[in-house]
Amino acid sequence: MALHRLQRLAVAPLSFTGGATSQVLREMSTLPRVYVTRQIPPEGLRILRDSGQVQFELWDSDDVPVPRNELLQNVKGVDGLLCVLTEKIDAELLDAAGPNLKVLSTMSVGFDHLSLEELKKRGIRVGYTPEVLTDAVAELTVALLLATSRRLIEATHEAKTGGWGTWRTLWLCGYELANSTVGILGLGRIGVAIAERLAPFKVKKFIYTDVAPRPELAKVINAEYVSLDELAKQSDFLSVCCALTPDTKEICNKDLFAKMKNTSIIINTSRGGVVNQEDLYEALSTGQIAGAGLDVTVPEPLPTSHPLFTLKNCVILPHIASASYSTRNAMSALAANNLLLGLRGQPMIKELKL
Ligand SMILES: O=CC(=O)O
């Protein structure tokens, strides 16, 4: 067990210190201390290392998240923290870190794992990683939409397991984008990028809803602003792109599904908490809606015994929307640069306004 812990907690070598141990480093160096909660992609680690600006320790694994009690220990006294979306950054953690903590940088566009109120109260600045992942997320959303609407997972399963008999006229039929209405719930950069990719499939109409009309973005994709009710009623494909907030929590629930067409498909690449999964199961299993493609769930990972896994018309991915090598490296680099800038007291490249 002790060995496991040692392997997990590695000290990043710093160019100016040679082979010193972390303890010695801490005693010798007056550089700001940073804790990195995951073995992030190499670009970000290289930036931190080469900066000569910080001394940092990291949880040296990408396969196992740092256990909460270790995290609470490891953040004690740090000046900066670089985390990923699996870490809950709340009052308990910020108290454990203590008053030195000035900058938090998350390698994610979503920030529902952060208690913004607690961060603001303590004057901690927050960096995040929007934009660099827009293309990857939009691309995956299109892939998930097509996999769901054209039943690709079912189809490969049938082909592999002997279900492929003669060519049949209505076997494995799905729904096509051509001539369809695509609805976007929460129009931001990602929603626009999804619509731009779907337009060449001959979509007839884009509609969207949000807290208020967003004419600048909407005009890029010629999308019409509608109410949530109309979005549910009109959409053949409903793409969920909004952030998870108290206002959007379980906004996709039985009331919404009841308004949708029984030929409609919902795709969620935002956060699992936006969808009420019990209501979704009911809507899918009773044929109230035709299908769902989910890249995000509650919890993550979704237990393999979860009822949604029993449904052929539900395609579930393990939260991989931004998972391309180039994007994850870009997110890692941006998170590292945000952190360094924040620690220098300069504006971050992407900083959340608290
Ligand atoms: O879900 C991924 C992210 O928030 O970056």
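Visitor: What makes up the chain over residues 142-321, and how far apart are its end C-alpha atoms?
Guide: In this predicted model, residues 142-321 are 32% helix and 16% strand. The end C-alpha atoms of that span are 10 Å apart.

Visitor: Why do residues 142-321 carry a domain name?
Guide: The name comes from UniProt, where an unreviewed entry lists residues 142-321 as "domain: D-isomer specific 2-hydroxyacid dehydrogenase NAD-binding". Such annotations may be inferred rather than shown by experiment, so please take the name as the record's label. UniProt also lists residues 34-351, again from an unreviewed entry, as "domain: D-isomer specific 2-hydroxyacid dehydrogenase catalytic". That span is 36% helix and 15% strand, with its end C-alpha atoms 18 Å apart.

Visitor: How do you know which residues are around the ligand?
Guide: A residue counts when one of its heavy atoms lies within 4 Å of the ligand. The residues around the ligand are Leu85, Ser108, Val109, Gly110, Leu133, Arg271, His319 and Met331.

Visitor: What divides the shell into nonpolar, polar and charged residues?
Guide: Residue type decides it. Leu, Val and Met count as nonpolar, Arg as charged, and Ser, Gly and His as polar. The shell therefore divides into 4 nonpolar, 3 polar and 1 charged.

Visitor: What makes the pairing of Gly110 with the ligand a polar contact?
Guide: A polar backbone atom of Gly110 is 2.8 Å from an oxygen atom of the ligand. The cut-off for a pair of N or O atoms is 3.5 Å, so this pair qualifies. Arg271 passes the same test, because an N or O atom in its side chain is 2.7 Å from a ligand oxygen. His319 joins in with a polar side-chain atom 2.7 Å from an oxygen atom of the ligand. As for cover, the protein hides 89% of the 190 Å² of accessible area that the ligand has on its own.

Visitor: How do you know which elements line the second largest pocket?
Guide: A lining residue has an atom within 4 Å of a pocket point. By that test 21 residues line this pocket, and Glu154, Lys312, Asn313, Cys314 and Val315 lie nearest its centre. Helix H7 (134-149), helix H8 (152-161) and strand E13 (314-316) each give two or more residues. H8 gives the most, with 5 residues. The lining divides into 11 nonpolar, 6 polar and 4 charged, and the pocket holds about 360 Å³ of space.

Visitor: What makes the peptide bond from Val298 to Pro299 stand out?
Guide: That bond is cis, with omega near -5°. The bond from Glu300 to Pro301 is cis too, also with omega near -5°. Pro299 is found in the loop between strand E12 (291-294) and E13, and Pro301 lies in that loop as well.

Visitor: What makes phi of Glu131 worth a look?
Guide: Its phi is near 70°, a positive value in a residue other than glycine. Glu131 is found in the loop between strand E6 (125-127) and H7.

Note on methods:
Residues are numbered from 1 along each chain as its sequence is written. This is a predicted model: local features need pLDDT of at least 70, side-chain atom pairs count only at pLDDT 80 or more; totals for chains, interfaces and linings use all residues. Side-chain values use heavy atoms; hydrogens and water are left out. A polar contact is a pair of N or O atoms within 3.5 Å; within protein, one must be able to donate a hydrogen and the other to accept it, and residues adjacent in sequence count only if both atoms are side-chain atoms. Accessible areas come from the Shrake-Rupley method with a 1.4 Å probe; for residues, only the protein chains shown count as cover. On a 1 Å grid over the protein atoms alone, a cavity is a set of points where a 1.4 Å probe fits but cannot get out, and a pocket is an open set with protein on both sides within 12 Å along at least five of seven lines; lining residues have an atom within 4 Å of a point. Grid points are joined across faces, edges and corners, and a volume is the space filled by probe spheres set on the points. Helices (H or I, at least four residues) and strands (E, at least two) are DSSP runs, numbered from the N terminus.
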